[in-house]
Every structure is written in structure tokens, then in C-alpha cells.
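Biologist: Hey, got a minute to walk me through this one? I'd like to hear about the core, the cysteines and the charged pairs.

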Amino acid sequence: MARPRRIVLIRHGESEGNVDDTVYEREPDHALSLTPAGLQQAEEAGGPLREMFGDQRVSAYVSPYRRTHQTFRALGLDPARVRVREEPRLREQDWGNWQDRDDVRQQKAYRDAYGHFFYRFAQGESGADVYDRVGAFLESLWRSFEDPDHPPNVLIVTHGLTMRLFCMRWFHWTVADFESLSNPGNADRRTLLLGENGRYTLDRPFDRWCEPESYGATG
């Protein structure tokens, strides 16, 4: 099994929806673009990535949203060394279709009270639903490592919640751990590094906004 040396997760740059939540009433979430600031964030994130990968090959997976595709292009990676695939299972949490701003704000307040992992948006998904599809993607990813010629780097361009749930699934974090973590910033990244013991470690933790409160045995 040719496991990659590193698996890099990066969130998209600042999008139109990050600065104006009324845009969801006029545009589908998947169609929202990066702002000029978001494009600059992605371009600036590309430099360290290009230095990190050097002349090594990269297997890249990109969420099907416009802002993640724009982020990937802005990274400026060498197309001769990158194998890229669109991966729908890495999309943002579904909040429903056309969104009413006041309704979404109310539902987000309900989610804060109920719990980000378990609360399901009306006509949308819960964090648990996203966890399940991320888990399905991870099974496919692990099967890809069976190729003895698998690239030594994996790059995943996705969304903040999806990044946290990817790490939760990979490292077997509890729901309480997940609930205590904040999303990374726009164009921020986390890297899973393969150690000499054959295990992956996270290069740096996610910020915590509270201490995890477990129900018991697994805390």
C-alpha cells in the first residue's frame, strides 16, 4: 500500500456568502464565487503549497462548488504534476435550496442550541449526514492507496465543516470533540503527516471555542 506522505486539507477562500448572507436568496450556494479578497487569499496560500510539494506528484480532490474550483485554480499548482478529480462527497453541508435569510439565521440559532453535529437543517443536512458521506469518501481514498504508484501527496480543497468532519472521522474524535472545535479560516489548511510509526498526525490543532463535554465512556 502506497500511503501518501501528507494529506493536505484546505478551505476555500472568502466567498460572496461569507461577506453577505443575503446572496443566498438570489444565488444557489454551489454557484457562489470568491470575492477579490478570497481570490487573493487562495493565491497567497498557493506559494507555501507549491514549496511543500516541490516536484512531487499530487492527487487532488475538489468539492464541486464554484468557490472551491476557483480556489484550486488560484493555488497555481503545476498541472503536469497534479491529478485532479471533482468529488461531490466533499461538498458543503446542504442547508436547503433557495434560502430565506431570516429563516436560516433562526435555524442556525436552533443548531447552536441543539448541537452542530446532530441538528438537521429543514430540507438540508445535519453534521452527522456530512460525516457519513465523508466516511464514504475516506473508504474510496484508502482503496486508492492500494495503487503502488499513488502520488506521495493528497490535496483536498473543501469547506470548513467538512475539514473538521474529515479529521473527526480519520482520527476517531468524539462528537464532543467535534462540537468544541471552530472552523478554520478562509484558505486556511491542516496537514496530516505520515510518521515513521505508520500513523498520521495533524500538523496543528483546530482552534477550540469551548472545552468538550462528553456523555461518558468515550470522553
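Modeller: Sure, here is a quick tour, one topic at a time. Keep in mind that the model is predicted, so to speak of a local feature I need pLDDT of at least 70, and side-chain atom pairs count only at pLDDT 80 or more, while totals for chains, interfaces and linings use all residues. Residues are numbered from 1 along each chain as its sequence is written, and side-chain values use heavy atoms, with hydrogens and water left out.

Biologist: Okay, core first. Which residues touch the most other members of the largest nonpolar core?

Modeller: Those are Ile7, Leu141, Ile156, Phe166, Trp170 and Leu192, out of 26 residues in that core. By nonpolar core I mean buried Ala, Val, Leu, Ile, Met, Phe, Trp, Tyr and Cys residues joined through side-chain atoms within 4.5 Å. Buried is under 20% relative accessible area, exposed is over 50%, and partly exposed is in between (1.4 Å probe, protein chains only).

Biologist: Which elements give two or more residues to this core?

Modeller: Strand S1 (6-11), helix H5 (127-144), strand S4 (153-158) and helix H6 (160-171). H6 gives the largest share, seven residues. The helices (H or I, at least four residues) and strands (E, at least two) are DSSP runs, numbered from the N terminus.

Biologist: And what is Ile7 in contact with?

Modeller: Leaving aside neighbours within four places in sequence, its partners include Phe145, Val154, Ile156, Phe166, Trp170 and Leu192. Contact means heavy atoms within 4.5 Å. There's also a second, separate core of 15 residues, with Leu49, Val62, Leu75 and Val157 among them.

Biologist: Switching to cysteines. How many disulfides does a search of the whole structure find?

Modeller: Zero. I'd call it a disulfide if two cysteine sulfur atoms were within 2.5 Å.

Biologist: Why is there no bond for Cys167?

Modeller: Because the closest cysteine sulfur, in Cys210, is 17 Å from the sulfur of Cys167, which is too far. Cys167 is buried at 0% relative accessibility, whereas Cys210 is partly exposed at 26%.

Biologist: Fine, charges next. How many salt bridges does the structure hold?

Modeller: Twelve. The cut-off is a side-chain nitrogen of Lys or Arg within 4 Å of a carboxyl oxygen of Asp or Glu.

Biologist: What does Asp29 pair with?

Modeller: Arg67, with the closest N and O atoms 3.0 Å apart. Asp29 sits in the loop between H1 and helix H2 (36-53) and Arg67 in helix H3 (residues 66-74), so the pair ties together parts 38 residues apart in sequence.

Biologist: Is Arg67 buried or exposed?

Modeller: Buried, at 2% relative accessibility. Asp29 is buried too, with a relative accessible area of 11%. Arg67 also turns up among the residues that Ser15 touches, along with Ser33, Leu34 and Thr35, not counting residues up to four places away in sequence. Ser15 itself is in the loop between S1 and helix H1 (16-19), and it is buried at 1%.

Biologist: What about Arg204, which residue does it form a salt bridge with?

Modeller: Asp188, with the closest N and O atoms 2.5 Å apart. Arg204 is in the segment after strand S6 (200-202) and Asp188 in the loop between helix H7 (175-179) and strand S5 (189-194), 16 residues apart. Arg204 is partly exposed, at 36%.

Biologist: Last one: which residues do shared salt-bridge partners join into one network?

Modeller: Arg91, Asp94, Glu125 and Arg133.
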